[in-house]
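Good morning, colleagues. I should like to take you through one structure, beginning with its helices and sheet and ending with a few individual residues.

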Amino acid sequence: MTDTKSRMKKIPSIKLGGIRYKLKYSKNPINPEEPDKSLDGLINFSDSTIIINSRLSGQCELQTILHELVHAFFVSIGIRDFDESLIDGLAYQLIGAIRDNPELFRKIIKLGK
Ligand SMILES: [Zn+2]
């Protein structure tokens, strides 16, 4: 698969549960609670931002955005304690479901329009 970073337009924000999360890019996203740990991404619920590591390839960037989106899914239903591998696995499954079923997702997007 080719890297899409050079031709991929940055996504300015994503919306989930009525909340718009602004996407920001940083060369070294850090969780203040674990400052020694290098991160690919980080969601901050207090200011509705998602910080993405700007060094990621296009594919990894998209997977990381979905990873942070899955974090937001869990928090929105009141689950704050989870294993990162569960979040990652769900993000990969979500990417696979969207890519493998474009007709389904196009129909879902058109609902209510
Ligand atoms: Zn995570």
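A residue counts as buried here if 20 or more other C-beta atoms lie within 10 Å of its own, as exposed if there are 12 or fewer, and as partly exposed in between. Please bear in mind throughout that the model is predicted.

With that criterion, let us take helix α3, residues 102-110. How many of its nine residues are buried? The count is zero, and the helix is hardly covered. After α3 comes Gly112, which has a positive phi, near 80°.

I turn now to the sheet. It is open and has four strands in the order β1-β2-β4-β3, with mixed pairing. Which strands stand at the edges? They are β1, residues 13-16, and β3, residues 41-44; each has a single partner strand, so one side of each is left without a neighbour in the sheet. From one strand to the next, the twist averages 25°.

Consider the pairings in turn. Strand β2 covers residues 19-26 and runs antiparallel to β1, to which four bridges join it. Within this pair, Leu16 has Ile19 of β2 as its bridge partner. The two strands form a hairpin with two residues between them, and in its turn Gly17 has a positive phi of about 60°.

At the other edge, β3 and β4 are also joined through four bridges, in the antiparallel sense. Here Gly41 is placed opposite Ile52 of β4. These strands likewise form a hairpin, with four residues between them.

The turn of that second hairpin deserves a pause. Ser48 lies in the loop between β3 and β4, and its phi is positive, near 55°, although the residue is not glycine. As background, most residues other than glycine have a negative phi. Is Ser48 buried, exposed or partly exposed? It has 14 C-beta neighbours inside 10 Å and therefore counts as partly exposed. Setting aside residues up to four places away in sequence, Ser48 touches Ile19, Arg20, Tyr21 and Lys22. By contrast, Pro35 is 13 residues from Ser48 in sequence, and the two C-alpha atoms are 20 Å apart in space.

Let us move along to strand β4, residues 49-53, where Asn53 is found. Asn53 has 18 C-beta neighbours inside 10 Å, so this residue counts as partly exposed. Beyond its neighbours within four places in sequence, Asn53 is in contact with Ser26, Pro29, Leu39, Asp40 and Gly41. Asn53 and Lys24 are 29 residues apart along the chain, yet their C-alpha atoms are separated by 8.7 Å.

Next, the helices. Helix α1, residues 58-76, lies across β1, β2, β3 and β4, and runs at about 35° to β3. Its other packing to be described is with helix α2, residues 84-100. Two packed helices are described by the angle between their axes and the distance between the axes. For α1 and α2, the angle is about 120° and the axes are 8 Å apart. That angle makes α1 oblique to α2, and the crossing is right-handed.

Which residues make this contact? On the α1 side they are Gln63, Leu66, His67, Val70 and His71, and on the α2 side Ile87, Asp88, Leu90, Ala91, Tyr92, Leu94 and Ile95. Sorted by class, the contact has eight nonpolar residues, three polar and one charged.

Finally, the loop between α1 and α2, which contains Asp81. Is Asp81 buried or exposed? With 5 other C-beta atoms within 10 Å, Asp81 is exposed. Its C-alpha atom and that of Pro102, 21 residues apart along the chain, are separated by 32 Å.

To close, I would recall three points. The sheet is open, in the order β1-β2-β4-β3. Helix α1 lies across its strands and packs with α2 at about 120°. Helix α3 has no buried residues. Thank you for your attention.

Conventions:
Residues are numbered from 1 along each chain as its sequence is written. This is a predicted model: local features need pLDDT of at least 70, side-chain atom pairs count only at pLDDT 80 or more; totals for chains, interfaces and linings use all residues. Two strands pair if DSSP finds at least two bridges between them. Axes are lines fitted to C-alpha atoms, for helices over the stretch in contact, and angles run from 0 to 180 degrees between N-to-C directions. Two residues are in contact if their C-beta atoms, placed from the backbone, lie within 7 Å. Angles under 35 degrees count as roughly parallel, over 145 as roughly antiparallel, 65 to 115 as roughly perpendicular and the rest as oblique. A crossing is left-handed if the near helix is turned anticlockwise from the far one by less than a right angle, and right-handed if clockwise. Ala, Val, Leu, Ile, Met, Phe, Trp, Tyr, Cys and Pro count as nonpolar, Asp, Glu, Lys and Arg as charged, and the others, Gly among them, as polar.
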